[in-house]
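I opened the file to see what could be read from the coordinates. My notes follow in the order in which I looked things up.

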Amino acid sequence: MSALPKIELHHHLEGAAPPVLIRDLARARHVDIGGIFGPDGGYAYRDFQQFLAVYEAATSVLQSPGDYARLTSAVLEQAAAQGVIYLETFVSPDFCGGRDLAAWRDYLHAMQEAAQAAERSHGIVLRGVVTCIRHFGPEKARQTARCAAETMGDFIVGFGIAGDEGAGRPRDFTYAFDMAREAGLGLTAHAGEWGGPQSVREALADLGVSRIGHGVRAIEDPALVAQLADTGIVLEVCPGSNVALGVFPDWAAHPIERLRAAGVKVTVSTDDPPFFHTTMTREYDCLARTFGWQQDDFAAINRVALDAAFCDADTRAELLKRLEPKDA
Ligand code: ADE
Ligand code: ZN
């Protein structure tokens, strides 16, 4: 499965940080990040709120553009080893220079240089989706959207929102999303992970997104499932993340197959791979084992994902050639 070329759309750069990198940086900087690691050396948390706290503690040791260059290189090497040929990762000016535009540009430059080197050596293409953090509130989201709008281009291609889905309402973030849309960025929002169908409806109506991060709890409302299918909204589904965080008790209970059977455009991603002890290959293996998905199913999923990617048309066309089987 690792050899199969893959398109991954839902991935948080800091959330993909190898624990060993975070531990090294914490030691070098004398930063006390408390007990965020378990006995196995991996990230340890009990529930989603604690996951967010551990995520932010780990992120606090990434303090310079150089740290983000190191992070980007490590993450891309690992993703490429899973067969990922195109990765869209969430990056946030909140964590990179505190939403200061000049600092954000420096961080971006470092990430982009690391990405270009990884593309040359591993063939993996990286694009960034600037993400505001819902529990940081609408004012910070506006500043983040401004950073996104000012730096949109051949690397920054989208805008999204992550964080605690229980904090505020999508309409609080309409202004930030309007700014990003006017700049020409693709739009996505985390919804329907912890919130139910209403959360997905509001993200669609109030933020005007073409993709939903997770969206899996739409399954609770057949009318919403039909709406998603009819309008071609793409779900960035991360089954291993959902199972690890307890959104669903196990893989068999996960609705990805029911959503797909209902005609919803689903894609597959890892979200925050080391936090959930997953990789793209493991996601595919579990889907094959649980739902009987085969090569053709994965090929179709990857075409849906490439179609929904926020990259430019030339990049998409190049990637499409790499997705097609060699004997086609
Ligand atoms: N940030 C990182 N991972 C997340 C997730 N699964 N949901 C919301 N915000 C996140
Ligand atoms: Zn996510």
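These entries cover a metal site, the domains, one helix residue and the salt bridges.

**Entry 1: model and metal site**

I noted at the start that this is a predicted model. I went to the zinc ion (ligand 2) and listed its donors: His10 (NE2), His12 (NE2), His190 (NE2) and Asp271 (OD), at 2.1 to 2.2 Å. Along the chain these donors follow the spacing H-x1-H-x177-H-x80-D. I then looked up where two of them sit. His10 is in the loop between strand S1 (6-8) and helix H1 (19-29). Asp271 is in the loop between strand S8 (265-268) and helix H11 (280-291). The two are 261 residues apart, and I recorded the pair as a link between distant parts of the chain. I found both His10 and Asp271 buried.

Next I checked the geometry. The angles among the 4 donor atoms of the zinc ion (ligand 2) run from 86 to 173 degrees, and the site is irregular. It does not count as tetrahedral, because that would need all angles to lie between 85 and 135 degrees.

**Entry 2: domains**

I looked up the division of the protein and found domain 1 (6-17 + 72-323) and domain 2 (19-61). Domain 1 is thus listed in two segments, 6-17 and 72-323. The C-alpha centres of the two domains lie 23 Å apart. At the boundary, 18 residues of domain 1 are in contact with 13 residues of domain 2. I put the area buried between domain 1 and domain 2 at about 1400 Å², with 70% of it from carbon and sulfur atoms. I also looked for salt bridges between domain 1 and domain 2, and the count is 0.

**Entry 3: Thr174**

I picked Thr174, which is in helix H6 (residues 174-183). Is Thr174 buried, exposed or partly exposed? I entered it as partly exposed because its relative accessibility is 23%. Leaving aside neighbours within four places in sequence, I found Thr174 in contact with Asp206 and Leu207. I also took the C-alpha to C-alpha distance from Thr174 to Pro138, which is 8.9 Å, with their positions 36 residues apart in sequence.

**Entry 4: salt bridges**

My count of salt bridges came to 14. I wrote up some of them.

The side chains of Glu150 and Arg105 meet in a salt bridge at 4.0 Å, N to O. Glu150 lies in helix H5 (residues 138-151) and Arg105 in helix H4 (residues 101-122), so this pair ties together parts 45 residues apart in sequence. Glu150 is partly exposed at 42% relative accessibility, and Arg105 is partly exposed at 39%.

Glu236 forms a salt bridge with Arg211, and their closest N and O atoms are 2.7 Å apart. Here Glu236 is in strand S7 (residues 234-237) and Arg211 in strand S6 (residues 211-214), 25 residues apart. I found both Glu236 and Arg211 buried. I followed this pair further and found Glu88, Arg211 and Glu236 linked in a network of salt bridges.

The last pair I looked up was Glu318 and Lys321, whose side chains meet in a salt bridge at 3.0 Å, N to O. Both are in helix H13 (residues 313-323), and because they are 3 residues apart there, about one helical turn separates them. Glu318 is partly exposed, with a relative accessible area of 46%, whereas Lys321 counts as exposed at 55% relative accessibility.

How values were computed
Residues numbered from 1 in each chain as written. Chains lettered and ligands numbered in written order. Predicted model: local features only at pLDDT ≥ 70, side-chain atom pairs only at ≥ 80, totals over all residues. Heavy atoms only, no water. Donors = N, O, S within 2.8 Å, 3.2 Å for Na, K, Ca; no water. Tetrahedral: all angles 85-135°; square planar, octahedral: opposite > 155°, others 65-115°. Helix = DSSP H or I, 4+ residues; strand = E, 2+ residues; numbered from the N terminus. Buried < 20%, exposed > 50% of the residue type's maximum accessible area, 1.4 Å probe, protein only. Domains from an automatic or database assignment. Contact = heavy atoms within 4.5 Å. Buried area = accessible area lost by both parts, 1.4 Å probe.
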